[in-house]
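Please take a moment to look at the structure below. Then let us walk through some of its features together, one part at a time.

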Amino acid sequence: MKGLVRLLLRRDGTAALPPRRRLRKPAAHALHEVRYATSPLLASKTPPWRSKFLVACIGLSYCVLLGRAAYVQIIGSDFFQRQGESRYARTLELPANRGRILDRNGLILASSVPAPSIWAIPKDFDADRGQRRELARLLGMTAAELDKRLGDNPNFVWLRRQIDEDVAERVKALGLKGVHQVKEYKRRYPEGEAVAHVVGFTDIEDRGQEGVELAFQQELAGRHGQRRVIRDRLGRIVEDIGESVAPVDGRDIQLSIDSKIQFFAYQRLRDAVAEHRAQAGSVVVLDVRSGEVLALANYPSYDPAKRENLSGAQLRNRALTDTFEPGSTMKPFVAALSLETGRVSPNTVIDTGAGWMTITGSTIRDTHAYGRLTVAEVIQKSSNVGTVKLAQQIPSREMWEMFTEIGLGQKPQLPFPGVVSGRLRPYKTWRPIEHATMSYGYGLSVSLFQLARAYTVFARDGELVPVTLLKDPEPAPGLRVFSPRVAQTTRRMLQMAAGPGGTAPLAQTVGYSVGGKTGTARKQEGKGYADKKYRSWFVGLAPVEQPRIVVAVMIDEPSAGKFYGGAVAAPVFAEVVQQSLRMMGVQPDIAVQPQIVARHVEGVEESF
């Protein structure tokens, strides 16, 4: 190496360059190859794992795509098919016409009428400010409310359900894009509030919510049909898909209710509640031959077609859902049981003494000191002391069995929502004072409907009548409780109670003989009784010799000065009986109108 350096130095010490070689000019393609070959990027060594990783990523991507394709085409094909069809295919419901509710004479109590409903596709909705205001006015809302509703869902929104036909035509005349109509049905109730608690009502989807509408929902509703169609983006039907299923209309329900009797009973009840400034009232009318319910009226009531701001007090069918202590209306049953078992006769004398008696430290009183009374007079005067003395001869079990046989403590067999059973405690738990008070209607509870049905044992010659809310022309077989002789004897006692010298002379009617029993009881509050709150009622039958109907009337909390059943409920009974028998075509059985002196009204009293 050192020698080579010396050769390259000149004598004067300067460096001598080696002779320059002549280089041949490379061809163009050779120059290009040299440049790529000398590229630092290509000349660098690539780690083997990088190429393997790249190949693996590409392979994995293909696997993912293959798996997704398999999922879409095989596993989830039904879902994606449905999603695709939902963009253009629709299943239209063909609503069935809900069945009608009729009274016993074929008068319509509830029916369905066509009522268009307006709906929109908000994303397609197109209207100027004036059209928006007009649409909102026709639909009974403000423009702000319309805008809010349109903003709820971009694909579908109800604007107004079940509107009148003329309103629907005016909406259609606006020609708004994205606004559509569909045919629905709306219930109409021609008899209004008079029959509201019986018929009930439906919701916006035509499902029963109360009364017969709820009890017979399955029969009334029918079965909806359907139609599969293809729609374009504007909601227009392009074509049908497959076969349509026709709707099956619901069947009509014919009730035993007589709308004329129902309306009169409701009207008279409403007037009595107003006259006595009471809280509420109820009336029940039963046909004793067939067990059919002819009227079931309550006040306060409501219009089934206008249900805004309804209260629970208006909705309650009090005759079926409210229970109370029946008071003196239980006395005829105790007398009948005593007669049935041969312990007494109608003329057996009961000494009521000074009008009071004591049992285990508790005092039972009459309103007057009646002294010696026959069994018939005990019922006529409504003597608590006389009734207790009859009950003391009857074992608790025997009295409990009789109460059970007439339907107390059991739900009436009505397909109706809210029916109650009342309260009747087992006889083994009765103390002596409870045995005594139950004989005149304290310590147990019943509904007005139960009480009316119980009195059919006297009207049907000792048989308890099965009741029905549906029209049934065939007389129903009854359950024997008392013998015909005892039932007829008790009817005459009831006639005495509703006549002169009894507690309810105001129950008498023109042309028809009546019999019945008053009841007045203090209302329970907590564990005791309210001081000046009463329930007043009257239960009776007519005509006495061949009864056709049983009528029960209850007035809740009369506060206009009178509160005895004979003064408050008996006049309602008289008017309902007279009108009902005339409408039923029953011939009068007495020729002369009873003479009732108005001044006796203030003095009508009973023990309670």
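What follows is a short tour of ring pairs, charged side chains and a few unusual spots in the backbone.

Please keep in mind as you read that this is a predicted model.

Let us begin with the aromatic rings. The structure holds 14 aromatic pairs. One of them joins Phe324 and Trp537: the ring centres are 4.6 Å apart and the planes stand at 40 degrees, so this pair counts as tilted. To find the two partners, look for Phe324 in strand E11, which covers residues 323–324, and for Trp537 in strand E20, which covers residues 528–542. Because 213 residues separate them in sequence, the pair ties together parts that are far along the chain from each other. Both Phe324 and Trp537 are buried.

A second tilted pair is made by Trp400 and Tyr427, with 5.6 Å from centre to centre and 50 degrees between the planes. Here too distant parts of the chain are linked, as the two residues are 27 apart: Trp400 belongs to helix H18 (residues 396–405), while Tyr427 sits in the loop between H18 and helix H19 (432–439). Are these two rings buried or exposed? Trp400 has a relative accessibility of 25%, so it counts as partly exposed. Tyr427, with a relative accessible area of 22%, is partly exposed as well. Buried would mean under 20%. Elsewhere, ring pairs connect Phe333, Tyr455, Phe458 and Phe482 into a cluster.

Now turn to the charged side chains. Side chains of opposite charge can pair when their charged atoms come close. Across the whole structure, a search finds 24 salt bridges. In one of them, Glu184 meets Arg161, with 2.9 Å from N to O. This bridge also links distant parts of the chain, 23 residues apart: Glu184 is in strand E5 (residues 179–188), and Arg161 is in the loop between strand E4 (157–160) and H8. Why are both partners called buried? The relative accessible area of Glu184 is 14% and the relative accessibility of Arg161 is 17%, and buried means under 20%, so each of them qualifies.

Another salt bridge joins Arg316 to Asp322, whose closest N and O atoms are 3.0 Å apart. Its two partners fall into separate classes: Arg316 is partly exposed, with a relative accessible area of 33%, whereas Asp322 is buried, with 15%. A further bridge brings together the side chains of Glu463 and Arg460, at 3.2 Å from N to O. Of these two, Arg460 is buried, with a relative accessible area of 17%. Salt bridges can also share partners, and in this way Lys523, Arg535, Asp556 and Glu557 are joined into one network.

One member of that network deserves a second look. Glu557 has a positive phi of about 55 degrees, although it is not a glycine. You can find Glu557 in the loop between E21 and helix H23 (565–568). Glu557 is also buried, with a relative accessible area of 17%.

Where else does a residue other than glycine have a positive phi? Asp206 is such a case, with phi near 70 degrees. Asp206 is placed in the loop between helix H9 (196–199) and helix H10 (211–215). With 16% relative accessibility, Asp206 counts as buried.

The backbone also has cis peptide bonds to point out. The bond from Tyr299 to Pro300 is cis, and its omega is near 5 degrees. Pro300 lies in the loop between strand E10 (293–299) and helix H13 (312–315). The bond from Ala542 to Pro543 is cis too, with omega near -20 degrees. Pro543 is located in the loop between E20 and strand E21 (549–556). You have met E20 already, as the strand that holds Trp537.

Our last stop is at the surface. Which residues form a negative patch there? They are Asp164, Glu165, Asp166 and Glu169. Glu165 is part of helix H8, which runs over residues 165–173. Glu165 has a relative accessible area of 42%, so it is partly exposed. Helix H8 came up before too, since Arg161 sits in the loop between E4 and H8.

Conventions. Residues are numbered from 1 along each chain as its sequence is written. This is a predicted model: local features need pLDDT of at least 70, side-chain atom pairs count only at pLDDT 80 or more; totals for chains, interfaces and linings use all residues. Side-chain values use heavy atoms; hydrogens and water are left out. Patches are made of residues with over 30% relative accessible area and no salt bridge: like charges are joined within 9 Å, nonpolar side chains (Val, Leu, Ile, Met, Phe, Trp, Tyr) within 5 Å. Accessible areas come from the Shrake-Rupley method with a 1.4 Å probe; for residues, only the protein chains shown count as cover. A salt bridge is a side-chain nitrogen of Lys or Arg within 4 Å of a carboxyl oxygen of Asp or Glu. Lys and Arg count as positive and Asp and Glu as negative; His and the chain ends are not counted. The place of a charge is taken as NZ of Lys, CZ of Arg, CG of Asp or CD of Glu. Helices (H or I, at least four residues) and strands (E, at least two) are DSSP runs, numbered from the N terminus. Buried means under 20% relative accessible area, exposed over 50%, partly exposed in between (1.4 Å probe, protein chains only). Rings of Phe, Tyr and Trp (its six-membered ring) pair if their centres lie within 6.5 Å; planes under 30 degrees apart count as stacked, over 60 as edge-to-face and the rest as tilted.
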